[in-house]
Amino acid sequence: TDLPRSPPAAAEPRHASPAAPRRLREKLRTAARMAGPAARTAPGPQQQVQGAESRAQPASAAPPARDTRAPFRFDYERFRRSLRHPVRGGRPGEDPETRARRMKIREMMKFAWDNYKQYALGKNELRPLTKNGHIGNMFGGLRGATVIDALDTLYIMELEEEFQEAKQWVEKSFDLNVNGEASLFEVNIRYIGGLLATYYLTGEEVFKNKALELGEKLLPAFNTPTGIPRGGSLSSPCSGMSWSWGWASAGSSILAEFGTLHLEFLHLSQLSGNPPSLVSLSLSLSQVMNIRRVLNRVEKPQGLYPNFLSPVTGSWVQHHVSIGGLGDSFYEYLIKSWLMSDKKDSEAKKMYDDALEAIEKHLVKKSAGGLTYIAEWRGGILDHKMGHLACFSGGMIALGAEHAHQERRQRHRELAAEITSTCHESYTRSDTKLGPEAFRFEAGSEAMATRLSERYYILRPEVVESYMYLWRLTHEPKYRHWGWEVVQALEKHCRVEAGFSGIRDVYSTPALHDNMQQSFFLAETLKYLYLLFSEDDVLSLEDWVFNTEAHPLPINHTDFKA
């Protein structure tokens, strides 16, 4: 969800020392010895962030047991050998048109990066019309969101010089010692996801160390009676305090936010090298797993998951259900958690199957014109609209269908294709051939925005994300054809002198630009388009799952402890 943004209070820049990750591990081990058995609830902020520095002895007269365990080391080379395909693919023979289109998308990425580097390097996003940077307030004092979001895309596209520019910024200028309110959700999917993905792709320790250090700073957000992060999921990493966004329904927690942590925190826990329940990052994984326990205990109306939950009582606050904004990535992370576990996380698979069954029964509808869509549900009353964000679901359902039981497989394949086709219609029915933020199915209007406030397009990726998955899983040429239509529309209506900009009304030409090159345009939109015109072994779905910011995380084929 996009929020009004204003710059946070300035923080004095203090760059993290290269030795910080080692000191962090020492602090965590000390805290573990002091803590004894794992507590049932998350420790308080002082325990998590500041208390670990204390060297005080436990109350017992006996000295703490010496930690004789061998130091953990993640065996990166063994991990790379376990991959079934080269990260960038084998580049077998391909037709010239496909290669030319892929190279065009690569040029768009270079253009977006070069302008960000020239006018906004170190800021979170580029304002391409005014040729300056934007900071915003979702990331607290953190900077460089576009750098972190772009890293893996630059690497996959073999933009070597540009990747080194981004890496150098991370090494020399990415400051984690900052204050300010930061969204746990956004920091997790963009910063943690981007750093983890780039580590797994390159083996460069700086990315792993930054991810671990930042992950530990986010833990105070879990300090609630239920362990569910509060609505808006805001925390100040240094002070250990947390707040709620004003729009977050009276302090309630949002399904898509607290349900979109599992992939990244599992990898943080594994890379930290610390045994479960002994130290902060491993404890954080148990806190993330606790979210499932809370959700499994609470009664689901009609089997559906409402979007708002009280972090105090663990009960639903409102009965609003959406596969778009506020709900979307919760469902995505269920099926992807199962896939990332090499199909061992049966709890996630069952939760996904049960949720999709309820969605099929209560929310999937067909319009008078024959378009399949997923409606929203408000206390039993259907709202016949889909948001652009909900268009990811075609790809998700197609991905899940490949692993469904026989009786569901064909039905889910058809459902995925129909939803993706509906989202394509939302693009083709606009003057710019780009889709609106939301579209409705009302008398006389189908797959079109009917409200002025829903006509904008902010370079979102969800439609091309589904094109990519449907192409990979079916190889039907129409998905590449549809993807190329998007490339042409982006070039015609969103490309400006100094980057790419969203537009305010997809039904009006010439386009009125919003002066914002979103970081997810580089992380997701251009990456999915590039993969759409790549061979299947480039970031193969046999080796990788994409987090909800399109950062690839590896499937756990084996144990990589050295």
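Me: Which residue takes a positive phi in the hairpin of strand 15 and strand 16?

Reply: In this predicted model, the residue is G444, with phi near 80°. The hairpin has two residues between its strands. Strand 15 and strand 16 run antiparallel and are joined by three bridges. Within this pairing, E442 stands opposite S445.

Me: How do you know that strand 15 and strand 16 pair?

Reply: Three bridges join them, and two strands count as paired when there are at least two bridges between them. The number found therefore satisfies the criterion. In general, strands of a sheet pair through backbone hydrogen bonds.

Me: What makes strand 9 and strand 13 edge strands?

Reply: The order of strands in this open sheet of three is 9-12-13, with antiparallel pairing. Strand 9 (320-321) and strand 13 (381-383) each pair on one side only. Strand 9 is joined to strand 12 (residues 376-378) by two bridges. The requirement is at least two bridges, so the two strands count as a pair. In this pair, H320 stands opposite R378.

Me: Why is the link of C391 and C423 called a disulfide?

Reply: The S to S distance is 2.1 Å, and the cut-off is 2.5 Å. The distance lies within that cut-off, and the link is therefore a disulfide. A search of the whole structure finds one such link. With -95° about the S-S bond, the link is left-handed.

Me: Which parts does the pair of C391 and C423 tie together?

Reply: C391 lies in the loop between strand 14 (385-387) and helix 14 (393-401), while C423 belongs to helix 15 (residues 406-428), so the pair ties together parts that are 32 residues apart in sequence. Both C391 and C423 are buried.

Me: How many residues has helix 15, and what span is expected?

Reply: Helix 15 has 23 residues, and the expected span at 1.5 Å a residue is 33 Å. From the first C-alpha to the last, the helix reaches 34 Å, which is close to the expected value. Several of its residues are buried, including R408, H412, L415, I419 and C423.

Me: How do you know that K110 and E162 meet in a salt bridge?

Reply: The N to O distance between their side chains is 2.6 Å. The cut-off is 4 Å, so the pair qualifies as a salt bridge. K110 is in helix 4 (residues 96-120) and E162 is in helix 6 (residues 160-173), 52 residues apart. The whole structure holds 38 salt bridges.

Me: Why is E162 called buried or exposed?

Reply: The relative accessible area of E162 is 6%. Buried means under 20%, so E162 is called buried. K110 has 34%. Exposed means over 50%, with partly exposed lying between the two limits, and K110 is therefore partly exposed.

Me: What makes the link of K167 with E204 a salt bridge?

Reply: The closest N and O atoms of K167 and E204 are 3.1 Å apart. This value falls within 4 Å, so the criterion is met. K167, with a relative accessible area of 11%, is buried, whereas E204, at 29%, counts as partly exposed.

Me: Which residues do salt bridges that share partners join into one network?

Reply: One pair in it is R440 and E454, whose closest N and O atoms are 2.8 Å apart. R440 lies in strand 15 (residues 438-442) and E454 in the loop between strand 16 (445-448) and helix 16 (462-474), so the pair ties together parts that are 14 residues apart in sequence. Both R440 and E454 are buried. Through shared partners, E376, R378, D383, R440 and E454 form one network.

Me: Which residues touch the most other members of the largest nonpolar core?

Reply: They are Y331, L434 and L490, in a core of 155 residues. Helix 7 supplies the largest share of this core, 11 residues. Leaving aside residues up to four places away in sequence, Y331 touches L255, Y305, V321 and M396, among others.

Me: What is phi of L539, a residue other than glycine?

Reply: Phi of L539 is near 45°, a positive value. L539 lies in the loop between helix 18 and strand 19 (544-546). Its relative accessible area is 0%, which is under 20%, so L539 is buried.

Key:
Residues are numbered from 1 along each chain as its sequence is written. This is a predicted model: local features need pLDDT of at least 70, side-chain atom pairs count only at pLDDT 80 or more; totals for chains, interfaces and linings use all residues. Side-chain values use heavy atoms; hydrogens and water are left out. Helices (H or I, at least four residues) and strands (E, at least two) are DSSP runs, numbered from the N terminus. Buried means under 20% relative accessible area, exposed over 50%, partly exposed in between (1.4 Å probe, protein chains only). The expected span of a helix is 1.5 Å times one less than its number of residues. A nonpolar core is a set of buried Ala, Val, Leu, Ile, Met, Phe, Trp, Tyr and Cys residues joined through side-chain atoms within 4.5 Å. Contact means heavy atoms within 4.5 Å.
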